Number of protein chains: 2
Amino acid sequence: MSNPTAAMLVIGDEILSGRTRDANMYHLAGQLTAIGIDLKEVRVVSDDAPAIVAAVKALSGTYTHVFTSGGIGPTHDDITADCIAAAFGKTIDVRADAAALLSAHYASTGKEFNAARQRMARIPADAILIENPVSVAPGFTLENVHVMAGVPSVFTAMVASVLPNLTGGAPLLSQSLRVVRGEGDIAGPLGEFAARHPALSVGSYPFQDNGVYGANLVVRGQDKAALNAAMAELSEIFPA
Amino acid sequence: MSNPTAAMLVIGDEILSGRTRDANMYHLAGQLTAIGIDLKEVRVVSDDAPAIVAAVKALSGTYTHVFTSGGIGPTHDDITADCIAAAFGKTIDVRADAAALLSAHYASTGKEFNAARQRMARIPADAILIENPVSVAPGFTLENVHVMAGVPSVFTAMVASVLPNLTGGAPLLSQSLRVVRGEGDIAGPLGEFAARHPALSVGSYPFQDNGVYGANLVVRGQDKAALNAAMAELSEIFPA
């Protein structure tokens, strides 16, 4: 049986302008691989409502799950929640469950639960809250879309809140072999090896290290015994 | 006049599996911002021909330029050149100009210009080669799509080969102000500030630093004088 699939949607001008180097994609990719959900596509779009709505519709219709990061804070450029509501034709307003969490938090810290902070309690109708143990303001799941914050520490915490509730598949196992020969020498026998193992995915990732050319050959699959046998074969084809 | 737009297409299972953290997106985003080409969207897809062809068609029809990274080496999993040819209905074969570059290179290094290495000379009809000063095997430009290698050192060199040939726009300038107050306190006055400056883009990027909450407020625009005046105003709204 094939695994559930996923896409990620990163919302944020700061990635597209080159100001910030992505960390959330890298984190989520590793987490999903470990539980057997296949991340098939990532899109990064700017803080632009039509672009966000179009991407949510396209991805949620194609994959089992969509994970978004960014745009759910209290400032004017945080428009993700409204865009998700629009994509699914849901109403959105300050919701009692989210407002209760936030007002208790600000009461305990002596800060005012002002209009800007109330924006973070705007949750689309029918969405389920995602717990935020770092800074309280929740994410939410609407249909198959999981909406999370962009700040990496909060994103990571929300991923940890969401993933245990999802049904995973067979985790994708991977093993690699470092071969210090140019890819052009490796390619012929490696292609034949890949053709002999259609149930495994065989990748070649070239490197240059102080003028030495080589490649990391990565074999991925769900069957541990088959993977071990294939790696033994690969080690014979490319002895150290 | 508005700037030219761009999208990036990253082709590679290694990003989606969480094995590798992206570096090329971050590099290209910074380079494009500096020359006034607005990066509007990034997609990451796996080494899967239908997914690559569909993404190339969608992006090349929407943006002024598309930059791809990955999948142009000599191994069986390098399918990008064939996919680009398919997306534009072009034939593809070993091309004399690319083969000449590669055969001279391998002759000089004493390596065989074998079948696998000849794969790297497969270039779609009507494409223009992109110089690769690092490892010779060229990228190419077909219509508005610039096809480059995934190895970061080679990608960077190819970007440097391509960008001087493109017409840029007004570079997007940015200035930032670090404010050590919670976003919930900042949001009201910041939203009013943003509304007063519709020609500027105003972003708020929250941080937590040893328990201290704050935000980096980033103002972007093409008019240096307007940007300077706005930053002066912002510093008065949020004094240090």
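A residue counts as buried here if 20 or more other C-beta atoms lie within 10 Å of its own. By that rule, 45% of the 240 residues of chain A are buried. Please keep in mind as you read on that this is a predicted model.

**Chain A as a whole**

Let us start with the overall build. Nine helices and 11 strands make up the secondary structure elements listed for chain A. Taken along the principal axes, its C-alpha atoms fill a box of roughly 65 × 40 × 35 Å. Among the contacts in chain A with a separation of 6 or more, 66% join residues 24 or more positions apart.

**The nonpolar core**

In soluble globular proteins, nonpolar side chains tend to be buried together. The largest nonpolar core in this model has 101 residues. Which residues have the most contacts inside the core? They are A:M8, A:L9 and A:V56, together with B:M8, B:L9 and B:V56. To see what surrounds one of them, take A:M8: setting aside neighbours within four places in sequence, A:M8 is in contact with A:M25, A:L28, A:L39, A:V42 and A:F67.

**Two helices**

Helix α3 of chain B holds one of those core residues, B:V56, among its buried residues; the others are B:I52, B:A55, B:L59 and B:S60. Why do these residues line one face of the helix? Seen down the axis of α3(B), they fall within an arc of 110 degrees, so they share one face. That buried set packs against five elements of chain B: the strands β1 (5–11), β2 (38–45), β3 (65–69) and β8 (145–148), and the helix α4 (80–87).

The length of α3(B) also fits expectation. The helix runs over residues 49–60, and at 1.5 Å a residue its 12 residues should span 16 Å, which agrees with end C-alpha atoms 16 Å apart. Helix α5 of chain A gives a similar check: its 14 residues, 96–109, should span 20 Å at 1.5 Å a residue, and the end C-alpha atoms are indeed 20 Å apart. Just after α5(A) comes A:G110, with a positive phi of about 70 degrees.

**How the two chains meet**

Chain B superposes on chain A after a rotation of 180 degrees with 0.0 Å of shift along the axis, at an RMSD of 0.0 Å. The two copies are thus related as by a two-fold rotation axis. Within chain B, the C-alpha nearest that axis belongs to B:R43, at 2.2 Å. Both copies use the same surface, as 100% of the contact residues of chain B recur in chain A.

How many residues of each chain take part? There are 53 residues of chain B in contact with 53 residues of chain A. On the chain B side, the elements that give two or more residues are the helices α1 (13–16), α2 (24–35), α6 (115–119) and α8 (183–196), along with the strands β2, β10 (201–209) and β11 (212–221). The biggest contributor is α8(B), with eight residues. By class, this side of chain B has 22 nonpolar, 18 polar and 13 charged residues.

**A few residues up close**

The table gathers four residues by their C-beta surroundings.

| Residue | Other C-beta atoms within 10 Å | State |
|---|---|---|
| A:N24 | 25 atoms | buried |
| B:N114 | 14 atoms | partly exposed |
| A:D126 | 13 atoms | partly exposed |
| B:D126 | 13 atoms | partly exposed |

A:N24 sits in helix α2 of chain A, residues 24–35. Apart from neighbours within four places in sequence, A:N24 is in contact with A:V10, A:S69, A:G150, A:P152 and A:F155. The C-alpha atoms of A:N24 and A:G169, 145 residues apart along the chain, are separated by 22 Å.

B:N114 belongs to the loop between α5 (96–109) and α6 of chain B. Its C-alpha atom is 9.4 Å from that of B:S103, 11 residues away along the chain.

Where does A:D126 lie? A:D126 is in the loop between β5 (122–124) and β6 (128–130) of chain A. Its phi is near 75 degrees, a positive value in a residue other than glycine. In chain B, B:D126 is placed in the loop between β5 (122–124) and β6 (128–130), and phi of B:D126 is near 75 degrees too.

Technical notes
Residues numbered from 1 in each chain as written. Chains lettered and ligands numbered in written order. Predicted model: local features only at pLDDT ≥ 70, side-chain atom pairs only at ≥ 80, totals over all residues. Core = buried A, V, L, I, M, F, W, Y, C linked by C-beta atoms within 7 Å. Buried ≥ 20, exposed ≤ 12 C-beta atoms within 10 Å, placed from the backbone. Contact = placed C-beta atoms within 7 Å. Helix = DSSP H or I, 4+ residues; strand = E, 2+ residues; numbered from the N terminus. Expected span 1.5 Å × (residues − 1). Arc of directions from axis to C-beta. Least-squares fit on C-alpha atoms with pLDDT ≥ 70 in both. Nonpolar A, V, L, I, M, F, W, Y, C, P; charged D, E, K, R; others polar.
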